[in-house]
Amino acid sequence: MRISHYLELDKKMKNLRVSSGMSQKDMAAKLDLSVPSYSNYENGYSEPPMEILQKFCEILNVSVSDLFGFNVPANTKTNLRTYSDILRLIISLKKAGFNVDCSVTPDKETRRTKVNIAVENPNLSSMLSKWNELNDDLEKDKIDSDEYNIWIEDLMTSFNYPIEII
């Protein structure tokens, strides 16, 4: 049996959808699925991928942890798919209190426009400097991709503390 059967995801999904007053057709449309595909998830015939479960939870404004009934690690994938997503990120940095300066300058050599986004924060500066060093080391073959990934994990761990607006 699939893990979703033991977690009763099909029943939980149906209960959450019904309690929100949404039809299967509406939910399928919001998830960019056919009605039969979505119905198969609710009836336990197939197991939804994590991306579908995350989107389902976003639509109904519930956490994935609540859906599963236990804590689920945060998605490490970036949701930057459009230029609007980048603007949302910049706006959220400003709302969080970061001093963000965005500028656009023409580059006469390449005949292109350069976009510069500056965020003033010493901790962020330190972290990104170390990240740039790792990227340079990888590019110059001083480290391989496995070492790079280990160092990135270490860097993320060392900066995994609450943000201080300075």
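How are helix 2 and helix 5 oriented to each other, roughly parallel or roughly antiparallel? Keep that question in mind while the whole chain is brought into view, and remember throughout that this is a predicted model.

**The whole chain**

Begin with the protein chain in cartoon form, where 9 helices and 2 strands can be picked out. Followed from the N terminus, the elements come in the order α-α-α-α-α-α-α-β-β-α-α. The radius of gyration of the protein chain is 22 Å, well over the 15 Å that the globule rule gives for 166 residues, so the chain is more spread out than a compact globule. If you align the view with the principal axes, the C-alpha atoms of the protein chain fill a box of roughly 55 × 35 × 35 Å.

**Helix 2 with helix 5**

Next select residues 9-19, which are helix 2, together with residues 50-60, which are helix 5. These two helices pack at an angle of about 25°, and their axes lie 11 Å apart. Angles under 35 degrees count as roughly parallel, and helix 2 and helix 5 are therefore roughly parallel to each other. Their crossing is left-handed. Show side chains for L9, M13, L16 and R17 in helix 2, and you will find them meeting L53, F56 and L60 in helix 5. Sorted by class, this contact has 6 nonpolar residues, no polar ones and 1 charged residue.

**Helix 2 with helix 4**

Keep helix 2 on display and add helix 4, residues 35-42, which packs against helix 2 at an angle of about 115° with the axes 7 Å apart. Here D10, M13, K14 and R17 in helix 2 meet Y38, Y41 and E42 in helix 4. By class, the contact of helix 2 with helix 4 has 3 nonpolar, no polar and 4 charged residues. M13 and R17 deserve a second look, since they appear both in the contact with helix 5 and in the contact with helix 4.

**The hairpin**

Now move along to residues 99-107, strand 1, and residues 112-120, strand 2, which run antiparallel and are joined by 9 bridges. The two strands form a hairpin with 4 residues between them, and in the turn R111 has a positive phi of about 60°. To follow the pairing residue by residue, select P106, whose bridge partner in strand 2 is T113, and then T105, whose bridge partner in strand 2 is K114.

**Helix 8 with helix 9**

Finish with helix 8, residues 122-139, and helix 9, residues 145-158, which pack at an angle of about 175° with their axes 10 Å apart. Helix 8 and helix 9 are therefore roughly antiparallel to each other. On the helix 8 side, select M127, K130, W131, L134, N135 and L138, which meet S145, Y148, W151, I152 and L155 in helix 9. By class, this contact has 8 nonpolar, 2 polar and 1 charged residues.

How values were computed. Residues are numbered from 1 along each chain as its sequence is written. This is a predicted model: local features need pLDDT of at least 70, side-chain atom pairs count only at pLDDT 80 or more; totals for chains, interfaces and linings use all residues. Side-chain values use heavy atoms; hydrogens and water are left out. Axes are lines fitted to C-alpha atoms, for helices over the stretch in contact, and angles run from 0 to 180 degrees between N-to-C directions. Angles under 35 degrees count as roughly parallel, over 145 as roughly antiparallel, 65 to 115 as roughly perpendicular and the rest as oblique. A crossing is left-handed if the near helix is turned anticlockwise from the far one by less than a right angle, and right-handed if clockwise. Contact means heavy atoms within 4.5 Å. Ala, Val, Leu, Ile, Met, Phe, Trp, Tyr, Cys and Pro count as nonpolar, Asp, Glu, Lys and Arg as charged, and the others, Gly among them, as polar. Two strands pair if DSSP finds at least two bridges between them. The radius of gyration is taken over C-alpha atoms; the globule rule is 2.2 Å times the number of residues to the power 0.38.
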